[in-house]
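Me: I am new to this structure and would like a close look at a single part of it. Could you pick a place to start, stay with it for a while, and then show me how it fits into the whole?

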Amino acid sequence: MGGLNLNLSLIPVFMVGLMGSVHCIGMCGGIIGAFSMAPASVRAKPFPVAVSVMNSKANGALLLRTLSYNLGRIGSYAVAGALAGGLAGGARLLAGMQAWQAGIHVLAQLMLVALGLYLMDAWRGLARTETVGNILWQRLRPLTDLLLPLDSPFKLVLAGGLWGWLPCGMVYSALLTALMAGSAVQGALTMLAFGAGTLPVLLVAGMSGARLRQLAARPWVRRSAGVIVLAFGLLGLLRAAEIGGLGIARGWIDVFCVSPVHGG
């Protein structure tokens, strides 16, 4: 039963990634554009062939590039999730305590609330958390220069892997959930679900150029996504408080709660 609940808890993690990817487009639009553009040495030359064939080859190459760097990005999320879940799980076992889960659960839901408010442009305090990762990012950033030019899928996967460590409050909110997973495997699965949620929008963004970024910048799009993420956070806080007297079934909340569920 515990395994079933844990699998269900990955659904809202995926949805948070999907809705929050609106933030990714705004924050990382320049990176997406740079990664999607092929170096001059590998761009298609204007040969006198059918335009449809040229377009097909160009679209195939662009799709491969976009998938490659997103694969690296999601892979880095999985590594971070494995580290968070493994370290926290080990510390919990050594300490012989369960109470830490409640505190981290509440903190994770508050981060989701902050993310929802950030997407709605109602409160931008979440951006302050991104300074936490600047120390690590400053060490990793110079490595991107070693991969230039990005003229192969292998280099793009590595570049995407580095991109995944870019300071991001949205990723940190997902990592808090991975922290509660209890093991390296479950932590990695949590972050894979989150990364998979971000993939559809970022894949389209890489293929469509600036058009999707313009759409994502519209206030109604950001606010709609923010409301959904905010709702996940509020539901999680309801579950943490174990409010069962309001006619809300506990199991129903568990399905939409962004955290691993242990013990039913």
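**Salt bridges and their surroundings**

Reply: Let's start at lysine 155, which counts as partly exposed because its relative accessibility is 22%, and the cut-off for being buried is under 20%. Please keep in mind that this is a predicted model. Lysine 155 has a partner of opposite charge: it forms a salt bridge with aspartate 151, and the closest N and O atoms are 3.2 Å apart. Aspartate 151 is partly exposed as well, at 34% relative accessible area.

Elsewhere, Asp121, Arg124 and Arg222 are joined into one network by salt bridges that share partners. In total, the structure holds 3 salt bridges. As background, side chains of opposite charge can pair when their charged atoms come close.

The network is a good place to look closely. Aspartate 121 pairs with arginine 124, with 2.9 Å between their closest N and O atoms. Arginine 124 has a relative accessible area of 46%, which makes it partly exposed. For aspartate 121 the value is 45%, so this residue too counts as partly exposed. The side chain of aspartate 121 also meets that of arginine 222 in a salt bridge, at 3.9 Å from N to O. Aspartate 121 sits in the loop between helix H3 (99–119) and helix H4 (134–140), while arginine 222 belongs to helix H10, so this pair ties together parts that are 101 residues apart in sequence. Arginine 222 differs in its surroundings: with a relative accessible area of 13%, it is buried.

Following arginine 222 brings us to its helix. H10 covers residues 219–241, 23 residues in all, and reaches 32 Å from its first C-alpha to its last, close to the 33 Å expected at 1.5 Å a residue. Arg222 is one of the buried residues of H10, along with Val221, Ala225, Gly226, Val229, Leu230, Phe232, Gly233, Leu235, Gly236 and Arg239. An α-helix has 3.6 residues a turn, so residues three or four places apart point the same way; you can bear that in mind as you trace the list along the helix.

One name in that list, Val229, leads further inside. Leaving aside neighbours within four places in sequence, leucine 115 is in contact with Val229, and also with Val16, Leu126, Met170 and Ser173. Leu115 is a member of the largest nonpolar core, which has 52 residues; together with Ile25, Trp163, Val171, Met191 and Phe194, it touches the most other members. Helix H1 (residues 2–36) gives the most to this core, with 10 residues.

Two of leucine 115's contacts, Met170 and Ser173, are also buried residues of helix H7. The others buried in H7 are Gly169, Val171, Ala174, Leu175, Leu176, Thr177 and Ala178. With 9 of its 11 residues buried, H7 (residues 169–179) is largely enclosed by the rest of the structure.

Helix H2 gives a view of both the inside and the surface. Serine 76 lies in this helix and is buried, because its relative accessibility is 6%. Leaving out neighbours within four places in sequence, serine 76 is in contact with Gly160, Gly161, Gly164 and Trp165. Leucine 63 has its place in H2 too, a helix that runs over residues 51–95; at 35% relative accessibility, leucine 63 counts as partly exposed. With Leu67 and Met207, Leu63 forms a nonpolar patch on the surface, and together the three have about 220 Å² of accessible area. Asparagine 59, also in H2, is partly exposed at 44%. Its C-alpha is 7.9 Å from that of methionine 207, although 148 residues separate the two in sequence.

Now step back to the whole chain. The secondary structure comes to 11 helices and 0 strands. Buried residues make up 45% of the chain's 264 residues. The chain exposes about 13,100 Å², of which carbon and sulfur atoms supply 71%. Among contacts between residues at least 6 apart in sequence, 82% join residues at least 24 apart. The salt bridge between aspartate 121 and arginine 222, which links parts 101 residues apart, is a good pair to find on your screen as you explore.

Terms used. Residues are numbered from 1 along each chain as its sequence is written. This is a predicted model: local features need pLDDT of at least 70, side-chain atom pairs count only at pLDDT 80 or more; totals for chains, interfaces and linings use all residues. Side-chain values use heavy atoms; hydrogens and water are left out. Patches are made of residues with over 30% relative accessible area and no salt bridge: like charges are joined within 9 Å, nonpolar side chains (Val, Leu, Ile, Met, Phe, Trp, Tyr) within 5 Å. Accessible areas come from the Shrake-Rupley method with a 1.4 Å probe; for residues, only the protein chains shown count as cover. A salt bridge is a side-chain nitrogen of Lys or Arg within 4 Å of a carboxyl oxygen of Asp or Glu. Helices (H or I, at least four residues) and strands (E, at least two) are DSSP runs, numbered from the N terminus. Buried means under 20% relative accessible area, exposed over 50%, partly exposed in between (1.4 Å probe, protein chains only). The expected span of a helix is 1.5 Å times one less than its number of residues. A nonpolar core is a set of buried Ala, Val, Leu, Ile, Met, Phe, Trp, Tyr and Cys residues joined through side-chain atoms within 4.5 Å. Contact means heavy atoms within 4.5 Å.
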